[in-house]
Amino acid sequence: MKFAANPVDTMTYGEILDADWARLKDFAGEEPTRRRMRSSFSARFACVSLVRTAQCLHRSGWRRIAKLVSLCNFVIFGIEVPAQLPIGPGLIIPHSHGTVIGAGYIGRNVTIYQQVTLGSKLADFAYKPEARPHLCDGAIITSGAKVLGAVRIGVGAIVGANAVVLKDVPDHAVAVGVPAKIIASSKDMNQTEA
Ligand SMILES: CC(C)(COP(=O)(O)OP(=O)(O)OC[C@H]1O[C@@H](n2cnc3c(N)ncnc32)[C@H](O)[C@@H]1OP(=O)(O)O)[C@@H](O)C(=O)NCCC(=O)NCCS
């Protein structure tokens with residue numbers, strides 16, 4: 001699978017966080033507000049802030065400190081995200097705990113719920129992006145889903161709760177079950193929150 005360039009490569013740290021914050025507000029059905037320093041202490045935004053901090057440190061060559069920030073995210077919010085993973089703007093992680101985001105690439109405006117695992121089919125400590133899932137723009141991975149191997153989750157596709165995805169999910173499709181199968185659904189998860 002061929003990977004696009006990191007969608008945040010041309011954005012500053014502040015611009016990325018602004019995009020994440022704006023999408024979170026929209027997702028929660030709240031009025032748009034300017035992101036402030038204290039926004040990073042909001043329960044749903046704190047772990048995304050740490051993901052972005054690690055990502056930007058990594059990009060700037062501060063790799064060890066980036067790893068340390070990722071470790072803090074793991075210890076505090078129970079989420080594992082490699083600092084080198086390309087993640088487009090507009091990331092939402094409504095609840096973080098028990099989540100492993102070992103994807104190869106994550107596009108823009110992606111939502112990842114709690115207890116999700118994105119990773120290779122076998123242990124891959126060397127981190128080979130081509131052996132890992134590719135999430136296209138607007139993909140939604142709901143609670144407890146596992147997406148394993150070099151699969152493509154299409155634009156705006158939804159992976160249902162507790163699904164185990166082993167094959168590509170087409171654009172705007174909904175995949176559920178173990179192993180995951182495509183179902184007919186008109187669900188718009190972008191405005192749905194627990
Ligand atoms: C995938 C999902 C979005 C589909 O919603 P929907 O379009 O309303 O689907 P429906 O309820 O109409 O179900 C359609 C079919 O898929 C099945 N189905 C739906 N979700 C399923 C799931 N997660 N696992 C297995 N089967 C599922 C239904 O049983 C139904 O099967 P049937 O036609 O044989 O009766 C939804 O079920 C889901 O999993 N949402 C995630 C919720 C979540 O994680 N919320 C986070 C809270 S913090």
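Arg 152 forms a salt bridge with Asp 171, with the closest N and O atoms 3.1 Å apart. This pair links distant parts of the chain, 19 residues apart. The model is a predicted one. It holds five salt bridges and zero disulfides. Its largest pocket encloses about 530 Å³ of space.

**Salt bridges**

- Arg 152 sits in strand β9, residues 152-153. Asp 171 sits in the loop between β11 (164-165) and β12 (174-176).
- Arg 152 is partly exposed, at a relative accessible area of 30%. Asp 171 is also partly exposed, at 39% relative accessibility.
- Asp 18 forms a salt bridge with Arg 35; their closest N and O atoms are 2.8 Å apart. Here too the pair links distant parts of the chain, with the two positions 17 residues apart in numbering.
- Asp 18 belongs to helix α1, residues 13-27. Arg 35 belongs to the loop between α1 and α2 (46-59).
- Asp 18 counts as partly exposed, at 38% relative accessibility. Arg 35 is partly exposed as well, with a relative accessible area of 21%. The cut-off for buried is under 20%, so Arg 35 does not count as buried.
- Arg 132 forms a salt bridge with Asp 124, and the closest N and O atoms are 2.8 Å apart. Both of these residues, Arg 132 and Asp 124, are buried.
- As background, side chains of opposite charge can pair when their charged atoms come close.

**Cysteines**

- The structure holds zero disulfides. Cys 47 is in no disulfide, and the nearest cysteine sulfur, that of Cys 72, is 13 Å away.
- A disulfide needs two cysteine sulfur atoms within 2.5 Å, so the 13 Å from Cys 47 to Cys 72 rules out a bond there.
- Cys 56 has its closest cysteine sulfur in Cys 47, at 15 Å, which is too far for a bond.
- Cys 47 counts as buried because its relative accessibility is 2%. Cys 56 also counts as buried, at 10% relative accessibility.

**Largest pocket**

- The largest pocket holds about 530 Å³ of space. Its lining is made of 22 residues.
- Glu 80, Val 81, Pro 82, Ala 83 and Gln 84 are the lining residues nearest the centre of the largest pocket.
- Three elements, α3, β2 (99-101) and β5 (117-119), each supply at least two residues of the lining.
- Helix α3 gives the largest share of the lining, six residues.

**Nonpolar surface patch**

- Leu 68, Leu 71, Phe 74, Val 75 and Ile 76 make a nonpolar surface patch of about 500 Å².
- Ile 76 of this patch lies in helix α3, residues 63-77. Helix α3 also contributes to the lining of the largest pocket.

**Backbone features**

- A cis peptide bond joins Val 178 and Pro 179, with omega at about -15 degrees. Pro 179 is placed in the loop between β12 and β13 (181-183).
- Gln 115 is a residue other than glycine with a positive phi, near 65 degrees. Its place is in the loop between β4 (111-112) and β5. Gln 115 counts as partly exposed, at 43% relative accessibility.
- Tyr 127 is not a glycine, yet its phi is positive, at about 55 degrees. Tyr 127 is found in the loop between β5 and β6 (134-135). Tyr 127 counts as buried, at 15% relative accessibility.

**A pair of isoleucines**

- Ile 140 is in strand β7, residues 140-141. Ile 140 counts as buried, at 3% relative accessibility.
- Ile 140 and Ile 153 are 13 residues apart in sequence. In space, their C-alpha atoms are 8.9 Å apart.

Definitions and conventions: Residues numbered from 1 in each chain as written. Predicted model: local features only at pLDDT ≥ 70, side-chain atom pairs only at ≥ 80, totals over all residues. Heavy atoms only, no water. Buried < 20%, exposed > 50% of the residue type's maximum accessible area, 1.4 Å probe, protein only. Patch = residues over 30% accessible without salt bridge, like charges linked within 9 Å, V, L, I, M, F, W, Y side chains within 5 Å. Areas by Shrake-Rupley, 256 points an atom, 1.4 Å probe, with all protein chains shown as cover. Salt bridge = Lys/Arg side-chain N within 4 Å of Asp/Glu carboxyl O. Helix = DSSP H or I, 4+ residues; strand = E, 2+ residues; numbered from the N terminus. 1 Å grid on protein atoms, 1.4 Å probe; cavity = no way out; pocket = protein on both sides within 12 Å on 5 of 7 lines; lining within 4 Å. Points joined across faces, edges and corners; volume = space filled by probe spheres on them.
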